[in-house]
Structure formats: C-alpha cells, structure tokens
Amino acid sequence: MDESETPILYVLVVGFHHKKGCQVEYSFPPLVPGAPNECPAGWKYLPTLALPDGSHNYEQDTVFFHLPSLTNPKQTVFGISCFRQIPVAKIKNLTSDITRTTVQKSVCVLSRIPLYGQIQVKMALITHAYFDEGDFSKVSILQDTYHHLNAVLSQSDTRQQTFVGLSTRDLVLQWKHKAVLLFKLLLLEKRVIFYKSPVLPLCSTILTFVSLFPEMIEKGLSQAACIRLSRPMSPMPQFPDEDSPTNSPKKVQNGEMNCAEHHVIKSDETPSNHILENHQNLPLESVENGLEVTESPNPGKEDQNGLGEKSNSLRRDVSLDTISDSAQTNINYLTQIATETCGFPLPIFTKGSLCLPYLSLPYLDLLTDVNVRSYVVGATNVLFKQKRQLYDILVDIDTGRIECQDLTLRKYLHLTTEDLRFADYIVKHVSEERHDVFLDGVGYEGGDEWIRAQFRVYLLCLMRTSILPDGGREADHFNANFLSAWKETHNYKMWMSGNHAGILDVHPGHPFAGQLSVADMKLRFAHTMQTTEGGRKLGQAMTSTGRAVATTSKAVGGALSQAKGAFSSWWSNLIVSPEPGLAKETGVEEIAAEPEEQSIAACENATAIPSVPLPNNISKADVPSNTSELVEPHEPQISSIKVGSLIDVQSQTSRHQPGEIHTV
C-alpha cells in the first residue's frame, strides 16, 4: 500500500457488524487490495477509532483521531470520522448483515494535514447525503469526495483554515482560570487523560488546548502518534531501529544563542554568556519512563503573605488596571515576533510523548508500554477513568474536575497571583464580548485569535524568564517549582539546545506582574469560592439556610448557626498566617487553590464554641480533632479545632492517605 502525496489518503466507510463488531466496509483507494474488510497490521484497530465507544447512544457524532503513518516513522495521519445512526425503516436496500432495528456507520477521512474542523464540515454534509440515499452500495459519492477534497485542499491556503471548529472562546468560558492551569500542565509532559461522552466535544477540547501553543497544530503534531512499542505484537507499525521515533535525541550542533548580536532592553536583565552555555549543556538523553520530576532546589522558602508573594518582591505598578493596561501596550509588539526565531513549535509531542484526541479500548495497553513517556489522550470509556495507575491527571470535562494523586505535581501546578490576574484578564474580555475593539494582528478583543495571542505572549515571557539565572525573583511570578519541573522535561532541553535568539527580544518577567491590591484579594476570594471544597460547602450551607428559613421558623436558629460556623471556619482559613516547620505532611484537595482554602479551621479554645449540629453536607471526617493540619511550603498554617464532645475524629483522617484522589 502506497501513501501518495495528496492531502487526503483514504475515504472509508466503517460499520458495525452484529457478529464481527466494527469493520471497514469500503475504502477508496483500497486499504488492502483484494481484502475490502481488512486493515493493515499497523492500523488493525482503525475501525474502533472511527466508530467510537458509546456511539450507539447518539444519533450522530464526530471523532478526531491520530494514527502513525505506515511508511514514515515520523509522520502522523489525521483521522476525521462522521458517525450516524438511522432506523432500518429508512434503508431502501436491505442486506443480510442488517439484523438490528438501527444501522450504525461512519464515513471517515484519513488526511496528511491537520484540518480537523474544515474537513469535518464537508464530511458532515457528505455523510448526510450518503445516508439519505438509503442504499449503502452506492459509493460513487465517496469517490467523488476523495477527488474533490484533494483538489480543494491542494489549491487553497490551509493555514487560514487550521483552527476551524477549535473555539478558544468556548474553552475560556468553560474552564476560566483552569485554562491557564491546563496550559501549563501540557508543558510538563505528564500522563493526562481527558474524559467525556459524546466524543466531539472531548476531541475539540484537547485540540483547542493544543492550539494555544504557537505552531503546534500546524507543525507540532507530526510525531504525536509515532511510537515504537516494546511488544512485538503491538498495534503500531514496525520500523527499523534507526528510524524509530523513540531514539534518543541528538544534541543540535552550533546551537548556541548569540546574545551579542541582539539588543535587550535592560543590560542588567540580560543573562550572561556563561549562564546560557550552562543551559545549553544540559544532558539531552531521553527521559526515562516513570521518572519523577525533582522538586525545586529551595522548597523551604516560606511565603510572606496569603497570596504567595515574597517579601522581597520586585518594584511593581500601583493597581491591577494599570497592570492590565501596561500588558496590553506590549501585546502588539510581542505578537509581531517571528515564532520560528523563538523555537516554535515546542517539541512536546515527540520521542514517545503522544497526543491522541481519542483512544479506543483496544489501545488501552498502549499507555502502559515502557517506551511511552507521556501522553494527552481522550477517552469515552469509563475503564480509562477507573484505572488510576494509567494517569497522573484526570480531567473530567462534564464536571470540570481535575483529579490529581501526586501532591508534588499539585505544587507545580499552583497558580500564582500573577497567573490569576492573567486568567481573569482573559475571562473578563471574553465575557464582555467587545466586538468593536480591533487590534492589528490579533483580531477583536476577546476573539479566538486574540486569546491565542495572549497565551503566545504568556509563553514567550515564560520561556524568556526560564533562561535567567536560578533564584531570580521573576521566576516566582510563574511559580518557581513549576519552572524547575519544566526545565527537566524533554521539550525544554531540546528547545535550549537550538538556536532561538529571537527569544532575547522578549522582556523577562510575568506580563501581569504588579503590586498587590484589594482586587487581588477579591480575585483570590472568588477563586476560593469556586474551586475549593470549603468554598463549595460554604455555598451549600448558605443555600440550606435559605431553604430552612423559608420552611419553618423552628429551623432558623439551627440553620443560621450552621452557616455562621461554616463561614467563620472558612474565613479563618483564609487569613491565618503560616507556622514554619509544618511543610511536609499535607492533606490538600484541589489543584491551583491555596491549601488554607481547603480545610476547616476554627478557634483553639473549644469551650468558647457552643455545641451546634453539623450541616448535612459536612461530614465529621471533614473536621480534624486535637491535631494541627500540616500544609505545603509557601502556604499559611491551618489551625486545629475542637467542638466539645460532639466531634471525635482521629487526627490521621485530616491528613493525606496513600492512593487518595484530590480534585479541583
């Protein structure tokens, strides 16, 4: 089988057979000449990708998936499959294999270029026409589709169609500040599973996050599905060792950044030559499977206030509005920087790191192979969600929860005050929908292109700050623990080995660095209420109070006491200062939230607190007794509480237990 140079490789029909399961029913050109229902060995599970798990629950759906090329070990094939399910009564030409009351089929396109949304729009029309015909033996429309798509895509500029169907506005409106958290997560090359059904919003969410990285969709997914597995009977193509996509990366020769030829804004902020040489001499061996990223070399630094700021912070602007205005004045300049001179796309999905917008159940063992370093995959089957050993992070799109079992990883993903400002700035602009404000090169404020420009500037500043000497105060604005972890990843080492002198034209530091203000307190307060377990319980307590007042006057006293106790405990957590020394044992619950926002604290004097019943939505296990909860470094202390003899809870119930899952 020969893959031509045309943009579209194949147009397929995949159906569900009541005895054989998913199978290819038609292919143009033929996948395997003389065997119309067979797939090549390297694509033997292709039908399960084109006809996804749980598709029988929906009348129509679309799935995006990735396959490794059968001829090029460093090339990804992009699949777009439109599924439909119709009753048998609409079929004009019934065949012997149709034994059920409904018919399920997918019309699938395998493409050499990642035009997900553009092809999906066209294929949705073709699929409807093919099903409306009522006779699946009439395949001339599929042959015409193959020739038409190749003709159109060969003659048009595909760069303008890359992001069709990948709405960053919808992404920001759904995830808000968590979009920044997940953006940073992709840089760390961890094992991440996104879970949702149906499959189209699942795939779109993953690809939209990927599209926030400059040039990633266009050029950065060429090896996203390429892996040489350790097992001989693997469902992937086999290539000689010298062509294997998991070979150790070789250091780029003559790849030093030439600082002398590039002017930087302030001389005292320009890294010296020996600093750059130290970065470029980092070892480039491939990361071992399962290797944990080491913690920051200075984990003992204590925060000096509840917002994660250091006492020796940089000189800042006066207000949050001034910070936003200052950041916006630089956006036009930074968006004009040529991405190729800065090292984009970052090599995140290379050398055993996979990006698979959808993965079916037969590929489950692929994730446990020793040659797979990391991955970002989408799944609709609940088995992926239940196998906790498969992932470091589980993102449940329906509930908006981000589950993490690794407390060290949670520390890396903690959002700083500057990060929250950045997220709030984007969310406000997207929510306001100011379509009349246009900016050169980035479209209207709050639009898809504008949002990608903001994340591009954020990433440029992050990359520029990362090459400053270790221990600099600018790194704290991005979370120094995160920067330390990122520097250990394969994509960062490969980026540092190249010649990317354009990054030196970027001013180092966070684009939203500035002096703390009341607005930051409000932002952290809102962040706490929306994302922490304590904040949600407070909201539930207030809701139950309203119901109790409306129901009976007898319940007013008890309900108000519940709400008062919940609010007092939560507010104490927010303002209590940390106590040094309590930094290693923790019972954190949520990513990107302050630990003081995640526990219930009260006064030390038990006798001063009247006995009140606990709210229905707060269990005894939520309230520690006779011990102090231990917190992460940089975080305020959590006070212990006693509530007389009503609450008798063992101290260890308030601490983290092995295997316990924490969520956002």
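**Exercise 1. Is D419 buried or exposed, and what is its relative accessible area? Then find its salt-bridge partner.**

Some ground rules before solving: this is a predicted model, where local features need pLDDT of at least 70, side-chain atom pairs count only at pLDDT 80 or more, and totals for chains, interfaces and linings use all residues. Residues are numbered from 1 along each chain as its sequence is written, and side-chain values use heavy atoms, with hydrogens and water left out.

Step 1. D419 is buried, at a relative accessible area of 0%. Buried means under 20% relative accessible area, exposed over 50%, and partly exposed in between (1.4 Å probe, protein chains only).

Step 2. The partner is K184: the two side chains meet in a salt bridge at 2.9 Å, N to O. A salt bridge here is a side-chain nitrogen of Lys or Arg within 4 Å of a carboxyl oxygen of Asp or Glu.

Step 3. K184 sits in helix α5 and D419 in helix α12 (residues 417-432), so this pair ties together parts that are 235 residues apart in sequence. Helices (H or I, at least four residues) and strands (E, at least two) are DSSP runs, numbered from the N terminus.

Step 4. K184 is buried too, with a relative accessible area of 2%.

**Exercise 2. Work out where the salt bridge between D398 and K196 sits.**

Step 1. Check the distance: 2.4 Å, N to O.

Step 2. Place the ends. D398 is in the loop between β9 and β10, while K196 is in the loop between β6 and α6 (199-211), so the pair links parts that are 202 residues apart in sequence.

Step 3. Look at exposure. D398 is partly exposed at 46% relative accessible area, whereas K196 is buried at 13%.

Step 4. Put it in context: the count by this rule comes to 11 salt bridges.

**Exercise 3. Lay out the five-stranded sheet that holds β6 and β9.**

Step 1. Get the order: β7-β8-β6-β9-β10, an open sheet with mixed pairing. Two strands pair if DSSP finds at least two bridges between them.

Step 2. Find the edges. These are β7 (353-356) and β10 (401-404), each pairing on one side only.

Step 3. Get the twist. Neighbouring strands are turned by 15° against each other on average, direction ignored. Axes are lines fitted to C-alpha atoms, for helices over the stretch in contact, and angles run from 0 to 180 degrees between N-to-C directions.

Step 4. Zoom in on one pair. β6 (residues 191-195) and β9 (residues 393-396) run parallel over four bridges, and I193 has L394 as its bridge partner in β9.

Step 5. Add the helix. α5 (residues 178-187) packs on the sheet, touching β6, β8 (374-379), β9 and β10, and its direction makes about 40° with that of β10. Contact means heavy atoms within 4.5 Å.

**Exercise 4. Describe how β1 is connected and covered.**

Step 1. Start with burial: nine of the 10 residues of β1 (residues 8-17) are buried.

Step 2. Take the β5 side. β1 pairs antiparallel with β5 (residues 102-111) over seven bridges, and V109 is the bridge partner of V11.

Step 3. Now β2. Seven bridges join β1 to β2 (residues 21-28), again antiparallel, with G15 partnered by Q23. β1 and β2 form a hairpin with three residues between them.
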